[in-house]
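Me: I am new to this structure and would be grateful for a short guided reading of it. Please begin by showing it.

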Amino acid sequence: MGRRLDHARLNDFDEVRKACAKVVTTAQLSSVIDAAIREFGFRWFALVHDGHLQKQRPEQLMMTNYPASWVDEVISDRLYMHDPVHIASARSAFGLCWERIADVIAPTRRQLSVLTRGRDHGLVSGFTIPFRIPGERGAFFTVARKRDRPFSNVEMMTAQLVAGVAFQRGRELVGGIEATIPSVSLSPRQIQCLELIAEGKTDWEIGTILGLSQNTIHEYIEEARHRYQVKTRSQLVLAAARDGKISFNHMK
């Protein structure tokens with residue numbers, strides 16, 4: 001993969017695009033992408049919709065050749081709720097190499113533990129590309145490998161090309177715009193509270209800043225948590241950020 005992205009390589013990609021256009025199920029698409037990323041020098045891939053992976057939905061996009069043991073661990077332990085790869089890559093229009101995560105966000109101990117657990121399953125280095133379409137759940141495409149080596153520009157461009165065609169065809173197969181985010185309405189006060197929680201403020205500190213009682217702040221936050229149907233405040237902040245209600249820049 002050190003050579004330039006020449007006409008031969010683009011012809012290989014065009015074959016991938018044609019193969020993707022012919023598939024009629026996500027299982028078939030997954031097989032095509034699996035073969036393609038291996039041909040282009042990668043080992044693992046994942047294309048997943050943002051959101052609650054434990055709640056399987058017909059319109060949910062989730063394809064991967066990750067080790068089954070890692071997939072089970074991610075879902076059973078809800079590691080996707082604290083995945084720094086998705087949080088950091090969501091700030092990049094082009095995509096993000098995993099070694100640059102700390103340049104984009106200040107990962108917490110829990111978030112770093114997700115990376116460590118992934119490495120234990122062989123996912124050592126990776127490149128993740130976010131997809132955002134208004135009114136739909138976001139999605140992420142990742143290529144990863146066992147070697148701890150930075151991705152070259154050619155490798156990143158190749159991943160971008162495969163990611164684009166995989167997401168487009170996958171989105172068509174699961175129903176396109178039907179894969180929407182449930183509409184969650186938050187008041188301006190609730191959004192202010194979530195922004196301050198994301199900055200590490202306590203209920204008392206938020207109340208002082210907004211000139212409200214601690215009990216009122218607690219009620220605003222609990223109502224927002226109920227609307228998003230999440231258990232913890234960290235999950236609430238992440239859900240609101242992914243939904244566009246607050247900016248990822250508020251998150252520490």
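Me: Does Arg 78 count as buried, exposed or partly exposed, and what is its relative accessibility?

Reply: This is a predicted model, in which local features need pLDDT of at least 70, side-chain atom pairs count only at pLDDT 80 or more, and totals for chains, interfaces and linings use all residues. Residues are numbered from 1 along each chain as its sequence is written, and side-chain values use heavy atoms, with hydrogens and water left out. Buried means under 20% relative accessible area and exposed over 50%, with partly exposed in between (1.4 Å probe, protein chains only). Arg 78 therefore counts as partly exposed, at 25%.

Me: Where is Arg 78 found?

Reply: Arg 78 is not a glycine, yet its phi is positive, at about 55 degrees. Helices here are DSSP runs of H or I with at least four residues, strands are runs of E with at least two, and both are numbered from the N terminus. Arg 78 is found in the loop between α3 (68-76) and α4 (84-89).

Me: Which element gives the most residues to the largest nonpolar core?

Reply: A nonpolar core is a set of buried Ala, Val, Leu, Ile, Met, Phe, Trp, Tyr and Cys residues joined through side-chain atoms within 4.5 Å. The largest has 31 residues, of which Ile 33, Ile 37, Phe 127, Phe 141 and Val 143 touch the most other members. Elements giving two or more residues to this core include α1 (7-22), β5 (139-145) and α7 (153-173). With seven residues, the element that gives the most is α7.
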